[in-house]
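User: Please take a close look at one part of this model: the charged side-chain pairs. Which residues pair, where do they sit, and what is around them?

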Amino acid sequence: MKSRALVGLACALVLSSCHGRPRSGPVTKGEKTSSAFLSIATKKLVELDLTSGAPETTSASGWFPLPASRTYVGLVRTLEKLPDDQDAQGVYVRFGSASFGFSRGEELARLFGAIRAKGKPVVCHADTFDNATAVLALNACDKIWMSPAGDANTVGIASQMIYFKSALDKLKVEADFVHMGKYKSAAEPVTRDGPSEPAKESLMAVLRSIRTTWLDGARDAKRPKDVVAALEAGPWSAKEAKDKGFVDELGYESEALDDAKSKAGAERVVTAFGTGQKSGEGPDIGEIVRIIAGTEEHAGGRPHIAVLAEEGSISMEAGGIFDSGGITASAMIKTVRRLKKDDSVKAVVLRVDSPGGSALASDLIWHELVELNDKKPLIASVGSMAASGGYYLIAPARKIVAEKSSIVGSIGVLGGKIVIGDALAEYGVSSYTFPASPDPGAASRAAYLSALTTWDDATRERVRDSMHDVYDLFLDRVSKGRKMPVPKVHEIAQGRIWSGAQGKKIGLVDELGGLSRAIQIARDAAGLDDRAPVVVEGGKESMLSTLLLGEDASESEISHAVERVTSERKLLMAHVPVEYRRFFSSLSPLAARETTLAALPFGLVLR
């Protein structure tokens with residue numbers, strides 16, 4: 001029944017689109033068509049609508065999959081093809097207020113540069129710029145327009161941390177945590193009132209490295225010298241941004257579009273990325289089928305490259321009050337096994353953007369990726385970060401590719417619990433543990449996961465020993481993948497984060513570059529030519545799995561589950577800014593009674 005409904009929907013959409021498309025039938029007898037007319041008709045201005053960004057995965061739109069062409073992989077593939085598109089005379093880019101971050105901005109700037117190198121003008125329009133997108137535009141665009149009421153928030157790079165220890169002390173709440181590695185400072189916000197010296201050293205080194213890359217990017221744009229100096233002196237109004245050289249003209253999208261048409265010498269506008277498809281140009285049959293399937297590039301059984309895009313915190317399963325999508329072992333393992341068995345998949349590019357999470361889930365996924373790499377090339381591409389558990393996942397790859405401003409490393413583990421026993425005692429609520437064993441320390445051991453009591457010294461040492469074993473396991477995984485002695489890995493591990501540029505120098509990264517370069521490496525490793533398809537895969541749970549339901553769930557059960565999950569997420573996540581949710585959820589395995597995490601020490605967002 002469901003398949004029939006889907007086919008019916010497809011047919012209805014196809015019929016609608018066919019009727020909606022202007023007719024351009026054959027030339028009738030007696031009509032003449034000049035070659036000049038045909039030449040003008042084929043010339044086009046390519047529009048890229050980036051106002052909604054470019055999500056890393058197809059699951060970014062919520063319950064239903066996003067077409068692969070609307071993801072970052074789709075954007076990269078579109079830009080790769082434009083330099084050699086003979087009909088494309090120029091490009092018009094709508095940034096809106098979207099942010100792409102530093103690492104993706106590096107790659108996009110190079111791809112736009114290749115288009116400009118072919119003599120095709122790139123005209124851009126934005127409402128606002130942040131640090132990263134401003135430098136992207138300076139490198140990507142021949143001419144930059146900005147809305148008259150817009151602004152350029154180029155204010156420099158900094159990190160802010162919040163520390164809760166004193167507040168928890170007043171509430172009689174205790175944070176009982178253990179960590180492996182002197183730089184593994186994830187627990188410091190709840191155990192200290194300020195950063196430790198190792199934590200400060202690690203973070204500042206990364207921020208300075210990213211700042212260098214950022215400023216060098218502005219210099220490479222060959223704009224007025226004032227631009228580089230102004231990068232850290234904003235925010236600027238639109239008028240000020242023009243005076244400083246960030247912007248060439250102030251105006252609206254329609255004006256910028258007319259300018260782009262004029263520079264390209266083309267009246268026909270074709271939207272190649274985004275949701276801004278022009279009226280009267282409905283999708284054709286092939287596009288309808290691709291949208292329903294969730295992908296724009298099909299292998300059809302032919303040898304191809306699979307891009308496995310994974311984003312967010314790492315957990316065992318989806319669902320629960322802290323769930324934010326993310327990477328789940330249960331779903332990703334299924335996908336990796338399928339790719340391993342599929343003989344038409346000749347190589348896999350693992351695109352990771354994750355701060356880590358569950359150490360157990362990370363290790364289970366690692367094992368499957370090792371087996372995949374034994375059978376076919378596995379190449380890793382780092383998005384904004386592959387930290388802690390995120391780096392655990394890419395460790396088996398034959399090559400690791402990252403941008404200079406990506407975050408890698410944080411090889412370390414931590415674990416602990418928040419204890420509220422004393423806080424409850426303030427309100428006259430007390431607890432007592434009844435151990436079944438008469439042995440000394442039995443009560444503390446049996447209740448070691450309880451939020452009512454702290455660990456005694458013996459139990460804390462047992463937790464520390466267990467955590468040390470997981471840390472040693474992490475070091476061993478990296479050692480094998482990087483072909484680096486364990487003592488050497490330990491020197492650069494200990495929970496320390498590194499920029500991609502730093503990671504390249506110390507051996508955590510093989511090559512500096514983006515997703516496009518990783519795909520090329522995978523193609524070469526598999527012996528495929530440039531015509532081989534690139535298909536986007538995803539290791540996400542089905543909708544029913546996300547709702548913690550079986551495939552035979554009734555309509556009533558599904559309805560109640562959706563209502564439950566929606567209300568729980570609203571309650572706990574509604575007031576957490578979107579960009580920080582994955583860091584918040586990376587700690588969620590503690591709520592599921594896991595004791596050891598491989599997670600980034602803090603929520604680090606670069607833009």
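Analyst: R460 and D457 form a salt bridge, with their closest N and O atoms 3.6 Å apart. The model is predicted, and so are the positions behind that distance. Both residues belong to helix 18, which spans residues 457-482. They are three residues apart there, so about one helical turn separates them. The two ends of the pair differ in cover. R460 has 18% relative accessibility and counts as buried, because the limit for buried is under 20%. D457 has 62% and counts as exposed, because the limit for exposed is over 50%. The pair therefore joins a buried arginine to an exposed aspartate.

Helix 18 covers residues 457-482. A network of salt bridges links D363, D476, R477 and K480.

A second pair repeats the spacing. E197 and K200 meet through their side chains in a salt bridge, at 3.6 Å from N to O. They lie three residues apart in helix 8 (residues 197-220), so about one helical turn lies between them. E197 is exposed, with a relative accessibility of 54%. K200 is partly exposed, at 39%.

A third pair sits in helix 19. The side chains of E491 and K488 meet in a salt bridge, N to O at 3.9 Å. Helix 19 runs over residues 486-492, and E491 and K488 are three residues apart within it, about one turn. E491 is exposed, at 56% relative accessible area. K488 is partly exposed, at 36%.

What is the total count of salt bridges? It comes to 33.

Now the loops. K222 lies in the loop between helix 8 and helix 9. Its phi is near 55°, a positive value in a residue other than glycine. K222 is exposed, with a relative accessible area of 75%. Helix 9 covers 225-230, and the loop from there to strand 6 holds P235. The peptide bond from G234 to P235 is cis, with omega near 10°. K172 is another residue with positive phi, about 65°, although it is not a glycine. K172 sits in the loop between helix 6 (165-170) and strand 5 (174-180). It is partly exposed, at 40%.

Strand 6 leads into the sheet pairing. Strand 6 (residues 236-237) and strand 4 pair in the antiparallel sense over two bridges. D151 has S237 of strand 6 as its bridge partner. Strand 4 also pairs with strand 7 (residues 249-250), here in the parallel sense and again over two bridges. W145 is the bridge partner of E249 in strand 7. Strand 3 (residues 122-130) and strand 4 (residues 143-153) run parallel and are joined by seven bridges. One of the residue pairs is A126 with M146 of strand 4. Helix 5 (residues 131-140) completes a right-handed β-α-β unit with strand 3 and strand 4.

Next, the nonpolar interior. The largest nonpolar core holds 75 residues, and F95, F112 and F129 touch the most other members. Leaving aside residues up to four places away in sequence, F112 touches L48, L79, V91, V93, V122 and A140. A second, separate core has 49 residues, including I327, V352, A361 and A402.

Last, the chain as a whole. It has 607 residues, and 50% of them are buried. Its secondary structure comes to 24 helices and 21 strands. Among contacts between residues at least 6 apart in sequence, 76% join residues at least 24 apart. The accessible surface is about 28,400 Å², and carbon and sulfur atoms account for 54% of that surface.

Back to the charged pairs. R460 with D457, E197 with K200, and E491 with K488 each span about one turn of a helix. The N to O distances are 3.6 Å for R460 and D457, 3.6 Å for E197 and K200, and 3.9 Å for E491 and K488. Cover is uneven within them. R460 is buried, K200 is partly exposed, and K488 is partly exposed. Their acidic partners D457, E197 and E491 are exposed.

How values were computed: Residues are numbered from 1 along each chain as its sequence is written. This is a predicted model: local features need pLDDT of at least 70, side-chain atom pairs count only at pLDDT 80 or more; totals for chains, interfaces and linings use all residues. Side-chain values use heavy atoms; hydrogens and water are left out. Helices (H or I, at least four residues) and strands (E, at least two) are DSSP runs, numbered from the N terminus. Buried means under 20% relative accessible area, exposed over 50%, partly exposed in between (1.4 Å probe, protein chains only). Contact means heavy atoms within 4.5 Å. Accessible areas come from the Shrake-Rupley method with a 1.4 Å probe; for residues, only the protein chains shown count as cover. A nonpolar core is a set of buried Ala, Val, Leu, Ile, Met, Phe, Trp, Tyr and Cys residues joined through side-chain atoms within 4.5 Å. Two strands pair if DSSP finds at least two bridges between them. A crossover is right-handed if, with the strands pointing away from the viewer, the path from the first strand over the helix to the second runs clockwise. A salt bridge is a side-chain nitrogen of Lys or Arg within 4 Å of a carboxyl oxygen of Asp or Glu.
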